[in-house]
Each structure stands twice: as C-alpha cells, then as structure tokens.
Amino acid sequence: MMSSENRSQFSVSCSSVSEKARAKINLALHVTGQRPDGYHLLDMLVTFADHGDRLDFMRSPADAFTLSGRFGEVLAGDGGTNLVLKARDLLRGAIGPLAFPVSIHLEKNLPVASGIGGGSADAAATLRGLMRLWGTTLSAETLAALALKLGADVPMCLESRPLIARGIGEEIEPVPDLPGFAMVLANPLKGVSTREVFRRLATKNNPALSLAPSRPQAADWLAAIAATRNDLEPPARALVPEIAAMAAMLQARGALLTRMSGSGATCFGIFATMAAAEDAAAALHDARPDWYFQATETVSGGA
C-alpha cells in the first residue's frame, strides 16, 4: 500500500493525452567558454515555434511506440536510442509502479538533427505528457534534473517559452517581453556534425550575450537580435555551403533578419507578417522542393 506521502504525489490519471513538441529556435547563441569536462558554455536567446512534432500517449496492455509524419521513417529502427523512449523509462523509474504501460505515437514533422531541438522537444513533451497520463506531479527541481539527464536542450524545451539559457543550457531565465515573430524555417536536409562544428570554432571564449532589460516593441527586438550572434554559424557554413545559400534565399524573399539556429543546418528568416512568411515559404518550396521550408509563428513571452 502507498504511504500517504506518496499518494499525495499522484492525481487521477487519463486514458489518453497529446502534447506538442515545439521547434526550438536559437535567436542567438554565444559560445563563452569550455568546462574541464569538455562541455561548452553558452549564452542563448531561445524561442519556440508553433510548428513542431506531435506526441500521443495512451494507456495500453504493453509498452508500444509508433511513428508517422514526413520524417518518421528517418527514426524507424532507432530502437532504444530514441529520446522519447529514454524519457519514458527515466520518468517511469522516478515514479515507480503506478507508471502503467503506454502506447506512444510520434508524428515526426521536424527534420532530424537539424539544430531546432526536435529530439529534445520530443523528450520534453514525453515528460509532460506522461506525467498527465500517469496522473503524477514532480517537484520542479526533480523534473529539471530528469530533463538534464536526457540532454542539455531538454530543460529549455520543457519550458517551451521564450528564455535565456546559460551554462550548458541548464540556467534558465524567462523573457516575458519577447514578442512572437512570423518566421520561415529552412533546412537543406543535409546533416551537419555538431561535434565537428564545435571543433572548428576559431575561439571558444567569446563575448557573453548582453540584452537590455526591456524592449517591448517588436522593431526594437529585431535590432537587439541583429546585434547578437550565432558563433557556430561560420564553422557550420564552412561544412555545409547550403546554409549560406538558404540565408540568401530567405533575404531575397524579404526576410528582415536571417540566422542559423543551433549547430545547424536549419536557418530562420523573420518576416514582417505571417502572410509574407507563408508566401516566401511557398515560393522557396517551388524553387527547391527537395529542401525543407516551413512558415510558422513563434510564441510570445507573455503567452
């Protein structure tokens, strides 16, 4: 029998739940140093797109995992290495016997290993969804520790709102005044090695991210973002020349600002309106149907 202390941690479970795994967009990424264990120290301004993967969770006689979506086949045969399954097992270990078997379906709409946190967002959505399905709550500290075990990007994906992340990604500060942006995501569907990008960095001790405390107007935020950097973009461009080509294509279609997200190879272009972003994405898809283009909006800090 459960103790009253343990019982208080659980609420009524659901039979099925769904979660959106939003694409993570690095508006800025400053590499400020490197720890003795090899992890790089980063200052990042991060937001999240409305577009992303979708996960469905359902009570089941036995654990099951299925895939669909444009990029689902890429993960087929991934087995136990998939972060969704790792998140399920890690959370189950923390919860105990009330974590009944589940069927998980992942609709994979984001390119894999593309610098927009697809796997990390899926893992974070798994933690959120299974806590609802299993009717449990964990302390913020416990949940953050579980997320960090899954990867440096998972704690911020657990938040899925505009934020500044420092350290290796675990020091998180909300940015409530960051507005939403109309955006086009672009990816050449060509992999880039994160390890090789970091290896090619000219310097690993760059100036930290510095932002004024409040910029309530979107135009002011655009200027502030333009004054920041992604220190990983130059080495990534050397490895994947298509990154420069995508940025030029986005600019030619009217993007107000373009930059690579994360370690690449996804680039984003910020547009004046959602209609302009949708028109640009359609035109770019016609020009390069073998690449990935997606119009989306990012969430605002006040949402």
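Start at Glu 233: the side chain of this residue comes to 3.1 Å from the backbone nitrogen of Met 260. Such a polar contact is a pair of N or O atoms within 3.5 Å; within protein, one must be able to donate a hydrogen and the other to accept it, and residues adjacent in sequence count only if both atoms are side-chain atoms. What you have open is a predicted model, in which local features need pLDDT of at least 70 and side-chain atom pairs count only at pLDDT 80 or more, while totals for chains, interfaces and linings use all residues. Residues are numbered from 1 along each chain as its sequence is written, and side-chain values use heavy atoms, with hydrogens and water left out.

**Around Glu 233**

Keep Glu 233 selected. Glu 233 belongs to helix H9, residues 233–239; helices (H or I, at least four residues) and strands (E, at least two) are DSSP runs, numbered from the N terminus. The relative accessible area of Glu 233 is 11%, so the residue is buried. Buried means under 20% relative accessible area, exposed over 50%, and partly exposed in between (1.4 Å probe, protein chains only). Show what Glu 233 touches: apart from neighbours within four places in sequence, Glu 233 is in contact with Arg 259 and Met 260, where contact means heavy atoms within 4.5 Å. Add Gly 264, which is 31 residues away in sequence but 7.5 Å away in space, C-alpha to C-alpha.

**Strand E8 and the hairpin**

Next select E8. Which way do its residues point? Leu 257 and Arg 259 point one way from E8, Thr 258 and Met 260 the other way, and all are buried. Now add E9: E8 and E9 form a hairpin with 6 residues between them, and Gly 262 in the turn has a positive phi of about 60°. The two strands pair in the antiparallel sense over 4 bridges; two strands pair if DSSP finds at least two bridges between them. Across from Thr 258 stands Gly 269 in E9, and the bridge partner of Leu 257 there is Ile 270.

**The sheet**

Widen the selection to the open sheet of 4 strands, which has the order E8-E9-E7-E10 with antiparallel pairing. E8 and E10 are the edge strands, each pairing on one side only. On average, neighbouring strands of this sheet are turned by 20° against each other, direction ignored. Axes are lines fitted to C-alpha atoms, for helices over the stretch in contact, and angles run from 0 to 180 degrees between N-to-C directions.

H10 packs on the sheet and touches E7, E8, E9 and E10, with its direction at about 10° to that of E9. H11 lies across E7, E9 and E10 and runs at about 175° to E10.

**Helix H10**

Select H10, residues 242–252, where Ile 243, Met 246, Ala 247, Met 249 and Leu 250 are buried. These residues lie on the same side of H10 because they cover an arc of only 160° around the axis, the arc being that of the directions from the helix axis to the C-beta atoms. Among the elements they pack against are H9 and H11. Just after H10, Gly 254 takes a positive phi of about 105°.

**Last stops**

Go to Ser 60, in the loop between strands E2 (40–59) and E3 (64–68). Ser 60 counts as buried, at 17% relative accessibility.

Finally, colour by pLDDT, the predictor's confidence in each residue, from 0 to 100. The protein chain averages 91, and 91% of the residues score at least 70. Residues 1–11 stay under 50. Where pLDDT is low, the predicted coordinates should not be read in detail.
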